[in-house]
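Student: I should like to go through the reasoning behind some labels attached to a structure. Please show it first.

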Amino acid sequence: HKYRQTSTCTLTLVCVICFSTIWYELHAREWPFKNQPAEVIIWQVGSGMKPNLTQIGMGKEISDILLFCWAYEQEERPSFSKLVELLEKLPKRNRRLSHPVHFWKSAEYVK
């Protein structure tokens with residue numbers, strides 16, 4: 001390796017992969033490698049293969065972040081600080097706002 005890694009560094013880089021996999025599942029509403037035996041998934045991931053993101057219909061911004069997080073080389077993956085920066089730059093579309101107070105108050109109270 002080009003630099004000495006600490007266990008904390010390695011753990012953080014693995015956690016980035018875990019986060020991005022869960023984020024993928026939330027967007028795609030399916031597993032990254034569905035309908036495949038565990039041995040095949042382990043081999044694919046270990047070989048650097050990634051799920052096909054074009055079939056899911058995610059936006060380019062989301063796909064780019066996922067691919068960045070799933071980089072084969074550990075040192076190419078983002079830190080969580082960088083990941084937060086990228087997530088904050090995403091377009092604000094489809095984010096639900098809290099309902100105004102009058103929607104949850106009873107009819108008698110609003111009158």
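Tutor: The following exchange concerns aromatic pairs and burial in this predicted model.

Student: What makes the pair of Phe-19 and Phe-80 edge-to-face?

Tutor: The structure holds three aromatic pairs. In the pair of Phe-19 and Phe-80, the ring centres are 6.4 Å apart, and the limit for pairing is 6.5 Å. Their planes stand at 70°, and an angle over 60 degrees counts as edge-to-face, so the pair receives that label.

Student: Why is this pair said to tie together parts that are 61 residues apart in sequence?

Tutor: Phe-19 belongs to helix α1 (residues 7–28), whereas Phe-80 belongs to helix α4 (residues 80–88), so the contact links those parts. Phe-19, Trp-23 and Phe-80 also form one aromatic cluster.

Student: Why are Phe-19 and Phe-80 called partly exposed?

Tutor: The relative accessible area of Phe-19 is 29% and that of Phe-80 is 36%. Partly exposed lies between the cut-offs of 20% and 50%, so both residues receive this label.

Student: Why is the pair of Tyr-24 and Trp-70 called tilted?

Tutor: Their ring centres are 5.8 Å apart and their planes are at 50°; this angle is neither under 30 degrees nor over 60, so the pair is tilted. Tyr-24 lies in helix α1 and Trp-70 in the loop between α3 (60–69) and α4, so parts 46 residues apart in sequence are tied together. Both Tyr-24 and Trp-70 are buried.

Student: How do you know that the buried residues of α3 line one face of the helix?

Tutor: These residues are Ile-62, Ser-63, Ile-65, Leu-66 and Cys-69. Viewed down the axis of α3, they fall within an arc of 165°, so they line one face.

How values were computed:
Residues numbered from 1 in each chain as written. Predicted model: local features only at pLDDT ≥ 70, side-chain atom pairs only at ≥ 80, totals over all residues. Heavy atoms only, no water. Phe/Tyr/Trp six-rings, centres within 6.5 Å; stacked < 30°, edge-to-face > 60°. Helix = DSSP H or I, 4+ residues; strand = E, 2+ residues; numbered from the N terminus. Buried < 20%, exposed > 50% of the residue type's maximum accessible area, 1.4 Å probe, protein only. Arc of directions from axis to C-beta.
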